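Let's take a walk through this one together, starting at a spot where two helices meet and working outwards from there. Keep the viewer open as you read.

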Amino acid sequence: MTEAIRTEGLVKAFGPTRALDGLDLEVRTGEVHGFLGPNGAGKTTTIRILLGLLRADGGRAELLGGDPWRDAVALHRRLAYVPGDVTLWPSLSGGEVIDLLGRLRGGLDPSRRANLLERFDLDPHKKARTYSKGNRQKVALIAALASDVELLLLDEPTSGLDPLMEARFREVIDDERHSGRTVLLSSHILAEAEALCDRVSIIRAGRIVESGTLAELRHLTRTSVTAELAAPPGGLTNLAGVHNLEVDGTRVRFQIDSPCLDEALRRLTAVGVRSLTSQPPTLEELFLRHYQTVQPADAAQGGNRAGVSR
Amino acid sequence: MSTLAGTGKLVRLILRRDRLLLALWILFLCLVLLSYPVSLREVFPTAAERQQYADNAAFIALYGRLSGTSLGEFVAWRAGFVPVMVALIGLLTVIRHTRVEEETGRRELVAATVVGRHAGLAAALLVTFGANLVLAALVALCMLSQHLPAAGSLALGLELAAAGFTFAAVGAVAAQLTTSAGGARGIAVGVLGAAWLLRVAGDASGQADGGLAWLSWLSPIDWVQRLRPYGGERWWLLVLAAGCTAALAAVAVALSARRDLGAGLLPARLGPGTAASGLRSPLALAWRLHRGLLAGWTAGFAALGAVFGALTGGIGDLQRDNPTLQDIFARLGGRAGLIDTYLAAIMGILGLIAAAYAIQATLRLRSEETGGRAEPVLATAVGRLRWAGSHLAFSVLGPAAALITAGLAGGLIYGLDTGDVGHQLPRVLAGAIVQLPAVWVLAAIAVALFGLLPRLAPATWGPLAVCLLLALVGAAVQLDQRLLDLSPFTHVPKAPGAAVAAAPLVWLAAVAVALAAGGLVGLCRRDMPATP
């Protein structure tokens with residue numbers, strides 16, 4: 001089996017709102033897959049359908065070769081889940097919750113548990129009611145990561161963690177990749193996805209609008225070029241794939257569709273290049289492009305959020 | 001004062017959140033109060049009958065001592081347990097809007113706005129005080145409508161309000177002590193229980209040799225009862241209650257000024273770093289979540305059973321003294337003897353209280369769902385039925401444990417009293433156990449709503465309130481039998497006394513099973529968490 005998760009045309013409506021509108025998601029076994037989108041795009045709904053907590057109104061979903069609704073209990077032995085908003089039983093200690101959730105899944109590795117407690121610097125003796133949001137998140141993360149499972153479903157797992165703990169989280173996920181576990185990492189923190197994910201899917205209003213490796217996605221989009229030339233340039237404007245061209249004497253800035261980069265560079269060198277910087281698009285730019293071009297109305301919102309989280 | 005800034009806005013927030021709840025309990029208590037003059041006037045028309053009825057240990061413990069034999073005094077005496085109910089509602093309301101808000105983190109959100117340090121506490125107290133004054137006014141109007149004297153009617157209303165005031169302030173102090181709302185409720189309810197027991201002990205002693213009669217004066221519940229509505233009102237006792245309220249409120253304010261937001265005065269304890277080896281199933285988790293509730297209810301039922309068992313002998317005296325009353329009781333309760341009628345009536349009330357526990361335990365399912373704590377469990381290898389079953393075990397067996405404890409305690413004490421444990425214990429115990437199918441019907445209504453119409457699950461309290469109202473006032477005001485039949489408790493055999501017929505118990509159990517099954521089927525088909 002090469003696909004841990006596969007959905008086709010998944011539809012879920014909450015009253016008049018279509019939370020998922022024909023979602024096709026594919027996560028290969030053994031990869032860390034970034035599931036990106038702003039709040040309300042349908043990430044949590046998708047994960048809850050994959051967990052058999054919500055019932056899809058249409059389409060197909062397959063998880064670890066089974067039907068997430070029908071085979072929920074059997075499948076749950078093979079996966080671990082960290083909710084986006086972790087709430088715990090106030091009267092149980094963190095250590096008790098970690099052990100309980102691990103055992104309900106079918107067991108957890110005590111040495112991994114000890115190691116993770118140390119790495120995430122969590123005091124397991126405290127009652128859950130006294131934990132901060134970040135510490136509650138750590139409890140759920142440790143319970144999931146210490147479990148012996150094939151698939152991790154992580155819903156915005158770092159949203160309450162401080163930068164130091166976020167870095168620890170990245171180390172741990174890197175380890176997971178090497179141990180061959182599949183990870184579905186939902187996030188709106190793009191730097192995190194860029195650092196961790198083998199492939200990403202971008203969700204917008206309940207549909208996947210882009211999916212692939214970062215390299216593939218970059219290929220689909222534009223590179224920013226700034227050059228200082230020997231003489232004023234000519235012939236760039238009529239070149240296909242050039243956007244936002246600015247010429248200031250011998251200085252030139254433009255964005256270029258990746259397939260046309262080769263031809264553009266040839267024209268620049270023909271004039272004579274003194275200095276050149278070229279920047280591949282960041283995930284954030286990819287992301288913003290989707291949210292700006294498709295629906296200008298909520299682009300400003302999506303843009304702001306992505307900017308802040310950076 | 002800047003520490004009170006924003007109090008008015010918070011008052012409006014509380015009123016917005018509680019508008020239905022406040023209206024319902026005020027209306028409920030008014031109906032209960034109104035039923036007393038309506039029914040007592042007819043059942044006990046003469047002063048002698050009233051005096052004889054009230055002059056026994058059981059009723060003195062429950063309602064206090066009768067100050068005089070006018071209808072007003074008799075009604076005020078009969079309403080002797082209502083101040084305890086008002087006090088309970090008062091303290092729960094205050095804790096609900098102080099410590100619960102802090103524990104859930106909502107208080108923090110509000111405290112960061114232009115709101116003074118004491119505004120939250122002040123708003124909770126003001127709303128509770130206000131609701132009690134409204135209750136006092138309405139009760140007074142209800143009594144006036146029954147042609148009772150104005151001054152006494154006002155005093156009766158204020159008696160209830162004074163109990164509400166004092167224990168609202170007790171709740172305010174308790175809310176400062178612990179970090180958990182459950183702990184605060186435990187402390188405040190404990191204080192109320194102690195106050196009630198002091199009054200019972202003092203009055204019981206006053207009836208006998210009087211050596212310990214002074215104990216009553218330690219109890220705020222006693223103060224308000226000594227106000228003596230319709231019997232030469234002692235208005236100055238209101239000053240005592242007001243002074244006590246003010247002092248307690250000042251203590252609460254002082255405590256709250258000395259602590260951090262979210263913290264309590266009693267330190268939060270650490271827990272174990274690893275789970276005990278038994279904590280490995282949904283049932284083990286449910287045990288952790290329900291055991292405090294189970295212990296509290298069972299202890300309360302043991303105390304109630306013991307008190308009622310101890311008081312049963314007094315009913316026997318009443319029967320010997322007064323043949324006409326014996327007739328009245330026989331008419332009210334069927335052909336059985338007066339004691340059995342009394343025991344069966346008590347068991348019916350215990351059954352209704354146990355139903356409250358059953359509903360509370362069942363609604364835990366819903367609060368686990370809305371609180372996001374069901375999701376992590378259901379994302380493990382735990383199916384929905386197993387998860388729901390782990391909680392339902394406590395809604396089924398918890399009330400059973402509570403009722404059986406009450407039956408055992410009552411039967412044992414009454415048996416020791418009559419020197420016939422072997423005969424009385426099984427009879428009283430059976431009276432407690434026959435309530436269970438009716439209790440389970442209420443729990444099953446909660447399960448059905450939870451599975452099929454999850455957002456309406458808390459509405460299960462409605463049917464319980466209807467059952468309670470039908471039981472308390474239905475027989476007295478002679479409601480239509482078809483209306484009375486709506487309550488599952490109407491169909492419970494009146495044991496001990498009447499022969500226990502199996503058919504109604506089987507029917508009630510079948511209704512409970514059908515409702516619960518429907519709810520569980522709904523649960524397995526619906527979204528978790530339910531669509532908002």
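On one side of the first helix pair, A:Gly94, A:Val97, A:Ile98, A:Leu101 and A:Gly102 of H3(A) come up against A:Val139, A:Ile142 and A:Ala143 of H5(A). Sort that contact by class and you get six nonpolar residues, two polar ones and no charged ones. The model you're looking at is predicted, and in it the axes of H3(A) and H5(A), the latter covering residues 133-145, come within 9 Å of each other and cross at roughly 35°. That crossing is right-handed.

Hang on to H3(A), since it turns up again at the chain boundary. There, 36 residues of chain A are in contact with 30 residues of chain B. Helix H2 (72-76) and helix H3 (94-105) of chain A each put at least two residues into the side of chain A that touches chain B. Which helix gives the most to that side? H3(A) does, with eight residues. By class, the side of chain A that touches chain B splits into 17 nonpolar, nine polar and ten charged residues.

A:Ile142 is worth a second look too. The largest nonpolar core has 231 residues, and A:Ile142, B:Leu91 and B:Ala172 are the ones that touch the most other members. Helix H15 of chain B, residues 338-370, supplies the largest share of this core, with 18 residues. There's also a second, separate core of seven residues, and A:Val225, A:Ala227, A:Val252 and A:Phe254 are among them. As a general point, nonpolar side chains in soluble globular proteins tend to be buried together.

Now over to chain B, where B:Leu91 and B:Ala172 sit on opposite partners of another helix pair: H5(B) contributes residues including B:Gly90, B:Leu91 and B:Val94, while H9(B) contributes residues including B:Ala168, B:Gly171 and B:Ala172. The axes of H5(B) (residues 82-97) and H9(B) (residues 150-177) come within 7 Å and cross at roughly 35°. This crossing is right-handed. The residues of the contact divide into 15 nonpolar, five polar and one charged.

From B:Ala172 you can step further out. Leaving aside residues up to four places away in sequence, B:Ala172 touches B:Val94, B:Thr98, B:Leu121, B:Leu125, B:Leu248, B:Ala249 and B:Ala252. Let's pick B:Leu125 from that set, which is found in helix H8 (residues 119-145) of chain B. Is B:Leu125 buried or exposed? It has 28 C-beta neighbours inside 10 Å, so B:Leu125 counts as buried. With residues up to four places away in sequence again left out, B:Leu125 touches B:Val94, B:Ala168, B:Ala172 and B:Ala249. The C-alpha atoms of B:Leu125 and B:Thr98 are separated by 9.5 Å, with their positions 27 residues apart along the chain.

Back in chain A, compare that with A:Gly59, which lies in strand E4 (residues 58-63). Because A:Gly59 has 17 C-beta neighbours inside 10 Å, it counts as partly exposed. Not counting neighbours within four places in sequence, A:Gly59 is in contact with A:Thr7, A:Glu8, A:Gly9, A:Leu10, A:Val11 and A:Gly22. A:Gly59 and A:Thr7 are 52 residues apart along the chain, yet their C-alpha atoms are separated by 7.4 Å.

Then there's H1(A), covering residues 43-50. This helix is mostly covered, with seven of its eight residues buried. Among the buried ones are A:Lys43 and A:Arg48, along with A:Ile47, A:Ile49 and A:Leu50. H1(A) is followed by A:Gly52, whose phi is positive, near 75°.

Finally, zoom out. Chain A has eleven helices and 13 strands, and 43% of its 310 residues count as buried. Its C-alpha atoms fill a box of roughly 70 × 45 × 35 Å along the principal axes. Of the contacts in chain A with a separation of 6 or more, 70% come from residues 24 or more positions apart. The domain assignment gives chain A a domain 1 (3-217) and a domain 2 (222-279), and the C-alpha centres of these two lie 43 Å apart. Chain B is likewise divided, into domain 1 (1-265) and domain 2 (285-526), and there the C-alpha centres lie 26 Å apart.

How values were computed: Residues are numbered from 1 along each chain as its sequence is written. Chains are lettered from A and ligands numbered from 1 in the order in which they are written. This is a predicted model: local features need pLDDT of at least 70, side-chain atom pairs count only at pLDDT 80 or more; totals for chains, interfaces and linings use all residues. Helices (H or I, at least four residues) and strands (E, at least two) are DSSP runs, numbered from the N terminus. A residue is buried if 20 or more other C-beta atoms lie within 10 Å of its own, exposed if 12 or fewer, and partly exposed in between; C-beta atoms are placed from the backbone. Two residues are in contact if their C-beta atoms, placed from the backbone, lie within 7 Å. Domain bounds come from an automatic or database domain assignment. Ala, Val, Leu, Ile, Met, Phe, Trp, Tyr, Cys and Pro count as nonpolar, Asp, Glu, Lys and Arg as charged, and the others, Gly among them, as polar. A nonpolar core is a set of buried Ala, Val, Leu, Ile, Met, Phe, Trp, Tyr and Cys residues joined through C-beta atoms within 7 Å. Axes are lines fitted to C-alpha atoms, for helices over the stretch in contact, and angles run from 0 to 180 degrees between N-to-C directions. A crossing is left-handed if the near helix is turned anticlockwise from the far one by less than a right angle, and right-handed if clockwise.
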